[in-house]
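This report describes a single protein chain through its confidence, its buried polar residues, its nonpolar cores and its backbone.

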Amino acid sequence: MTTTIAKVSVAARLNRLPIIPTHRRVTFIIGVGLFFEFYEFFLIGVLGATLARAFRIPNGSSLLSLLIASTAIGMFFGSIALNYLADRIGRRRGFLVNLGIYSLFSLLGAFSPNLFVLIFLRFIAGIGVGAELPLCDAYLADMLPARSRGNYISWAYTLSYLGLPLLGLMASLLVTKYPLGLAGWRWLFIIGSLGAAIVW
């Protein structure tokens, strides 16, 4: 009974707090994290034809479908497994762990020597991506007063959606080029991996 009253009192106190710079900063950081999440999720779809040529995938092969689906399959497992971990270690730590997983494996994907390695790395990156989306919502819900929660979560997602046009723009600029001798599609993976560095 005492524990229940304490929880209600803490929640009520949080809801009475005014919006302060910390709320805005947290919302911005989560928005940037989600920005790279959406960038990662749509990355393979945007690069599908380019990767098919780079890895000489035959027309009609199921391998391209598996490559495109690998991130989503990883997301399925990540959204279940890693959010249990976040409940144990805290949402802030969980957010950073998930971010680190998909950023690291996206970076490794940039240097994939063959298609099968890339599929595996995209699957692992997808685990981090899948865990991050529900965790971001829960973290913002914990941090923000109820009266402002919807507004600030909307701003975080508005920022995140900018990842899609940026990805399209970067793809149009880099896919056909070889900056520093590295294929443009590999640079798109490297850019996606910067999410952890920026948010950390």
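## Model confidence

The model is predicted, and the protein chain has an average pLDDT of 86, with 94% of the residues scoring at least 70. Among the elements of the chain, the highest mean pLDDT, 91, belongs to helix 7 (residues 163-174), whereas helix 1 (residues 2-16) has the lowest, 63. Where pLDDT is low, the predicted coordinates should not be read in detail.

## The salt bridge between helices 2 and 5

The count of salt bridges comes to 1. The partners are Arg-122 and Glu-40, whose side chains meet with an N to O distance of 2.9 Å. This pair links distant parts of the chain, since Glu-40 belongs to helix 2 (residues 21-54) and Arg-122 to helix 5 (residues 115-143), 82 residues apart. Side chains of opposite charge can pair when their charged atoms come close.

Is this pair buried or exposed? Arg-122 has a relative accessible area of 0% and is therefore buried, the cut-off being under 20%. Glu-40 likewise counts as buried, because its relative accessibility is 0%.

## Surroundings of Arg-122

Beyond the salt bridge, the side chain of Arg-122 makes a polar contact of 3.4 Å with the side chain of Thr-71. Not counting residues up to four places away in sequence, Arg-122 touches Glu-40, Leu-43, Ile-44, Leu-67, Ser-70, Thr-71, Ser-106 and Phe-189.

## A buried glutamate in helix 5

Helix 5 also holds Glu-132. This glutamate is buried because its relative accessible area is 0%. Which side chain offers Glu-132 a polar contact? The partner is the side chain of Asn-98, at 3.3 Å.

When neighbours within four places in sequence are left aside, Glu-132 is in contact with Glu-37, Gly-94, Phe-95, Asn-98 and Leu-99. Two of these, Phe-95 and Leu-99, reappear among the residues with the most contacts inside the largest nonpolar core.

## Nonpolar cores

The largest nonpolar core comprises 33 residues, and the most contacts inside it are made by Ile-30, Leu-34, Phe-95, Leu-99, Tyr-102, Leu-140 and Leu-144. Two or more residues are given to this core by each of helix 2, helix 3 (62-89), helix 4 (91-109), helix 5, helix 6 (146-160) and helix 8 (184-199). Helix 5 supplies the largest share, 10 residues. Apart from this core lies another, of 23 residues, which includes Tyr-39, Leu-51, Leu-174 and Phe-189. In soluble globular proteins, nonpolar side chains tend to be buried together.

Within the largest core, Ile-30 illustrates the packing: leaving aside neighbours within four places in sequence, Ile-30 is in contact with Phe-95, Cys-136, Tyr-139 and Leu-140. Phe-95 thus has contacts with Ile-30 and with Glu-132.

## Backbone features in two loops

Most residues other than glycine have a negative phi, and most peptide bonds are trans. Arg-56 has a positive phi, near 55 degrees, although this residue is not glycine. Arg-56 lies in the loop between helix 2 and helix 3. With a relative accessible area of 73%, Arg-56 is exposed, the cut-off being over 50%.

Leu-180 also has a positive phi near 55 degrees, and its place is in the loop between helix 7 and helix 8. Is Leu-180 buried or exposed? Leu-180 has a relative accessible area of 80% and is therefore exposed.

Conventions
Residues are numbered from 1 along each chain as its sequence is written. Side-chain values use heavy atoms; hydrogens and water are left out. A salt bridge is a side-chain nitrogen of Lys or Arg within 4 Å of a carboxyl oxygen of Asp or Glu. Helices (H or I, at least four residues) and strands (E, at least two) are DSSP runs, numbered from the N terminus. Buried means under 20% relative accessible area, exposed over 50%, partly exposed in between (1.4 Å probe, protein chains only). pLDDT is the predictor's confidence in each residue, from 0 to 100. A polar contact is a pair of N or O atoms within 3.5 Å; within protein, one must be able to donate a hydrogen and the other to accept it, and residues adjacent in sequence count only if both atoms are side-chain atoms. Contact means heavy atoms within 4.5 Å. A nonpolar core is a set of buried Ala, Val, Leu, Ile, Met, Phe, Trp, Tyr and Cys residues joined through side-chain atoms within 4.5 Å.
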